[in-house]
Amino acid sequence: MVTSAHPPRQDETERAGGPPVRIGVLVPLTRPGWAEAGRHLLAGLETAVDEVNAAGGTGSGPLELVVRDTAADPRRAAAAVDELSGLGVAALAGEYHSVVARTAAARADALGLPFLCSSAVIDALTEQPTRCVARLAPAQSHGWRTYADFLLGAGHSRIAVAAQPSVYWAAGTRILRDHLAARGATLVELDISAQPAAAVCDTLLDHRATALLLLVGHPDPAVSIVRAVRHDQRLDGVLIGAPAGQPEFAEWAGALGADGAGIPFLRYLPERLGPLGARVGAALRERLGQTPSFVAFEGYDTVAVLAAVLRAHGTDRARIAASWPHVAVDGTRGKIRFSRTPGTGVWQWAWPPVQVVDRDPAEPARFRILHTG
């Protein structure tokens with residue numbers, strides 16, 4: 001298991017007047033995890049920790065991140081939660097992949113370890129309601145219904161979905177189908193495991209679909225499907241969409257170039273960042289060497305919440321878990337408060353801002369806001 005840490009500097013420890021307060025962090029940093037998303041998430045976490053420690057820490061001591069790479073593997077995540085709990089971390093944070101976050105949340109709940117999930121969206125993050133787990137990212141049903149509204153508003157009523165087997169993709173398909181069907185639109189599922197990417201084009205024509213949504217992994221098979229559809233002249237009018245957010249990252253643009261533009265996806269940022277968001281965005285850009293994704297802002301907001309909780313309630317795990325419903329923190333994307341949201345089982349920020357965005361075909365490095373929810 002790849003291991004890293006973000007220890008405070010000696011001057012930060014002296015300024016904060018105590019031993020480090022350790023926060024366990026789960027992020028995908030290697031394949032088959034989405035490593036670029038993990039890097040952005042970790043950059044946000046580290047940026048916030050640097051600021052907290054420079055300002056004097058949490059009252060109990062400076063923050064220290066103890067990082068474990070999940071590589072999108074639920075078993076690795078479960079083992080990491082056990083290890084981090086044994087190391088005495090005050091709380092657990094992070095994770096991008098929903099299936100991994102579900103496993104981590106269940107294990108954290110069993111151990112009584114507070115877990116602030118940064119970026120995973122699947123609705124049922126836990127099987128049963130828990131007091132230990134809170135989440136910053138919006139529930140999948142909230143964001144994906146917004147995406148369905150965008151499709152309907154753009155005039156799409158026959159929509160195809162190319163999905164791989166996964167609890168996450170199956171949940172997304174169900175959300176889209178139910179929301180679209182209630183408004184007179186149809187959703188067709190394509191079995192991509194039984195046909196090459198080029199055959200997807202024929203299937204789209206057979207079903208007279210005007211939009212194809214990619215609920216698949218990146219780079220494969222997403223890249224091959226996009227290329228096949230983009231270069232089939234019969235499908236010039238077909239919209240390709242990726243609600244899970246793959247086109248947000250530079251890796252997507254690097255793999256597909258101009259073919260990767262004009263593909264709408266969900267992003268959890270406001271139309272305009274306020275002063276805090278703008279300042280943090282500049283710091284994230286410097287750390288990453290590129291435009292920060294919404295995932296980086298989720299990472300920063302995670303530490304902002306945990307630092308506020310630790311200042312108010314100390315490092316006792318039970319007190320941290322009991323504090324979720326009382327949180328009121330200014331984050332980079334708005335005021336963060338947690339409440340009980342039906343179907344999630346956790347303390348949920350309802351809601352972060354939601355946008356449907358694409359890369360401008362005329363300038364792929366620029367994002368266009370197409371719809372807000």
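Helices (H or I, at least four residues) and strands (E, at least two) are DSSP runs, numbered from the N terminus. What you're looking at is a predicted model, where local features need pLDDT of at least 70 and side-chain atom pairs count only at pLDDT 80 or more, while totals for chains, interfaces and linings use all residues. Residues are numbered from 1 along each chain as its sequence is written, and side-chain values use heavy atoms, with hydrogens and water left out.

**View 1. Two loop residues, Ala-71 and Glu-95, with positive phi**. Ala-71 sits in the loop between strand S3 (63-69) and helix H3 (74-86). Its phi is near 50°, a positive value in a residue other than glycine. Ala-71 counts as buried, at 3% relative accessibility; buried means under 20% relative accessible area, exposed over 50%, and partly exposed in between (1.4 Å probe, protein chains only). Glu-95 is in the loop between strand S4 (91-94) and helix H4 (98-111), and its phi is near 75°. Glu-95 is buried too, at 0% relative accessibility.

**View 2. Cis peptide bonds at Pro-32 and Trp-351**. The bond from Arg-31 to Pro-32 is cis, with omega near 10°. You'll find Pro-32 in the loop between strand S2 (21-27) and helix H2 (35-54). The other cis bond in this view runs from Ala-350 to Trp-351, with omega near 0°. Trp-351 lies in the loop between strand S15 (347-349) and S16.

**View 3. The S16-S17 hairpin**. Strands S16 (residues 355-360) and S17 (residues 363-372) run antiparallel and are joined by 6 bridges; for two strands to pair, DSSP has to find at least two bridges between them. The hairpin gets from S16 to S17 through 2 residues. To pick out one bridge, go to Val-356, whose partner in S17 is His-371. As background, side chains in a regular strand alternate between the two faces of the sheet.

**View 4. The largest nonpolar core, seen around Val-305**. A nonpolar core here is a set of buried Ala, Val, Leu, Ile, Met, Phe, Trp, Tyr and Cys residues joined through side-chain atoms within 4.5 Å. The largest one has 73 residues, and those touching the most other members are Ile-23, Leu-63, Trp-144, Val-305, Trp-324 and Phe-338. Helix H11 (residues 294-313) gives the most to this core, with 12 residues. Leaving out residues up to four places away in sequence, Val-305 is in contact (heavy atoms within 4.5 Å) with Leu-116, Leu-136, Trp-324, Val-327, Val-329, Ile-336 and Phe-338. Apart from this core lies another, of 26 residues, among them Ile-192, Leu-214, Val-216 and Leu-256.

**View 5. Ile-192, a buried loop residue**. Ile-192 is in the loop between strand S8 (186-190) and helix H7 (197-207), and its relative accessible area is 13%. Setting aside neighbours within four places in sequence, Ile-192 contacts Ala-162, Ala-163, Gln-164, Val-200, Val-216, Pro-221 and Ile-225. Val-161 is 31 residues from Ile-192 along the chain, and their C-alpha atoms are separated by 9.6 Å.

**View 6. Cys-132 and Cys-201, both buried**. Cys-132 has a relative accessible area of 5%, and Cys-201 is at 2%. A disulfide is a pair of cysteine sulfur atoms within 2.5 Å, and by that rule the count comes to 0. For Cys-132, the closest cysteine sulfur belongs to Cys-117, and it's 14 Å away, so that's too far for a bond.
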